[in-house]
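Let's take a walk through this one together, strand by strand and then into the pocket. Have the sequence and the model open side by side as you read.

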Amino acid sequence: MRELPLVVGVDGSEPSLRAVDWAADEAALRGVPLRVVYASLWERYEGAALAADLGKPSEQVRADDIVEGATRRARARHPDLKVSADVLPEEPEYALVREGRHAGALVLGTRGRSGITELLLGSVSLTVAAHAHCPVIVLRGSHDNQVTPPVRGRVVVGVGEHPEPSAAVRFAFEEARLRGVPLEAVRAWRCPAHETTDHPLLSGGPARLYEEQAAKTLEAALRDAPEDVDVRRRTVEGPARKVLLDASHEADLLVVGARRPEGHLGLQLGRVAHAALHHSACPVAVVPERV
């Protein structure tokens with residue numbers, strides 16, 4: 001069976017070039033090919049007449065230069081890595097989502113409006129993460145090139161309320177194994193404010209019961225943990241978004257799931273994944289969970 005490539009989207013910006021470095025490291029770790037993709041609408045905007053006059057539309061020349069430069073960069077970083085590239089004449093969101101149907105994962109740089117990358121996630125990255133059929137890894141801010149060697153030495157995965165093993169947890173197992181670092185599985189929990197010790201079922205410690213339930217959910221979600229991965233379990237009181245964002249400061253990769261009901265239209269990102277993409281202190285992998 002042919003191994004699915006890792007796909008990296010480029011646009012010539014510095015964040016996308018850093019994404020090429022990160023993706024090349026990740027592809028080398030996985031032992032899979034790297035595919036560099038630049039999506040351009042030069043055919044629609046510049047037209048056949050200009051192409052006939054100049055031989056090639058100026059935007060096509062720029063696109064070719066971008067993918068050639070990205071390809072050289074990846075090969076210089078990992079000379080034995082198989083690298084291919086393509087220029088696709090269409091909107092980048094559609095092109096990358098389609099590429100994700102035949103990819104092991106998509107890697108994208110962060111490019112916010114007006115260059116404020118730490119605060120605003122670019123629309124392409126957000127749309128692709130919300131619709132891709134494979135995991136989407138979005139690099140955040142200056143936290144790039146962290147695959148080899150690990151900077152902080154851990155992968156963090158958020159465990160949701162569903163106790164069954166998830167695609168996000170399986171992805172996190174593999175990422176931790178490839179890097180040779182521990183996996184920290186985090187389950188956030190909260191005790192509703194309206195529940196007090198006056199409740200007959202909660203007398204003696206309502207918070208303790210919620211914490212115990214969180215620990216049980218965590219154990220159930222991790223029941224298929226590989227023996228060669230050091231899994232560390234952690235339950236934390238607080239909103240899941242805040243808990244995972246705090247954990248991202250000590251991680252090389254934050255993994256979150258995105259539950260996507262079949263046939264649901266619109267952006268299919270939960271609040272936790274959305275917050276992670278906008279504010280994480282490390283690269284974020286959004287893994288689709290089909291329900």
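Two strands pair if DSSP finds at least two bridges between them. Helices (H or I, at least four residues) and strands (E, at least two) are themselves DSSP runs, numbered from the N terminus. Before using those terms, a word on what you're looking at. This is a predicted model, in which local features need pLDDT of at least 70 and side-chain atom pairs count only at pLDDT 80 or more, while totals for chains, interfaces and linings use all residues. Residues are numbered from 1 along each chain as its sequence is written, and side-chain values use heavy atoms, with hydrogens and water left out.

Start with strand S1 (6-9). S1 pairs with strand S2 (residues 34-39) in the parallel sense, over four bridges. One place to look is Val 8, which stands opposite Val 36 in S2. In a regular strand the side chains alternate between the two faces of the sheet. In S1, Leu 6 and Val 8 point one way and Val 7 and Gly 9 the other, and all are buried; buried means under 20% relative accessible area, exposed means over 50%, and partly exposed is in between (1.4 Å probe, protein chains only).

Carry on past S1 and you come to Ser 13, in the loop between S1 and helix H1 (14-30). Ser 13 counts as buried because its relative accessibility is 9%. The side chain of Ser 13 also makes a polar contact with the side chain of Asp 11, at 2.6 Å. A polar contact here is a pair of N or O atoms within 3.5 Å; within protein, one must be able to donate a hydrogen and the other to accept it, and residues adjacent in sequence count only if both atoms are side-chain atoms.

Next up is strand S3 (residues 83-88), where you'll find Ser 84. At 35% relative accessibility, Ser 84 is partly exposed. Its C-alpha atom is 4.9 Å from that of Arg 35, although the two residues are 49 apart along the chain. Leu 88 lies in S3 too, but Leu 88 is buried, with a relative accessibility of 8%. Leu 88 and Tyr 38 are 50 residues apart in sequence, yet 6.2 Å separates them in space, C-alpha to C-alpha.

Now jump along to strand S6 (residues 155-158) and strand S7 (183-189). Four bridges join S6 to S7, and the two run parallel. To see the pairing in the model, find Val 157, opposite Ala 185 in S7, and Gly 158, whose bridge partner in S7 is Val 186. In S6, Val 155 and Val 157 point one way and Val 156 and Gly 158 the other, and all are buried.

How enclosed is S7 by the rest of the structure? Seven of the seven residues of S7 are buried, so S7 is largely enclosed. Leu 183, Ala 185, Arg 187 and Trp 189 point one way from S7, while Glu 184, Val 186 and Ala 188 point the other.

That brings us to the pocket. Rolling a probe the size of a water molecule over the atoms shows where empty space is left. On a 1 Å grid over the protein atoms alone, a pocket is an open set of points where a 1.4 Å probe fits, with protein on both sides within 12 Å along at least five of seven lines, and lining residues have an atom within 4 Å of a point. The largest pocket is lined by 34 residues, with Gly 160, Glu 161, Arg 187, Ala 240 and Val 272 nearest its centre. Among the elements giving two or more residues to the lining are S7, helix H8 (240-248) and helix H9 (271-279).

Strand S9 (253-260) is another of those contributors. Leu 254 sits in S9 and is buried, at 0% relative accessible area. Leu 254 and Ser 280 are 26 residues apart in sequence and 7.9 Å apart in space, C-alpha to C-alpha. In the loop between S9 and H9 you'll meet Gly 270, which is partly exposed at 35% relative accessibility.

Last stop, the cysteines. A search of the whole structure finds zero disulfides, a disulfide being a pair of cysteine sulfur atoms within 2.5 Å. Cys 191 is partly exposed at 22% relative accessibility, whereas Cys 282 is buried, with a relative accessible area of 0%.
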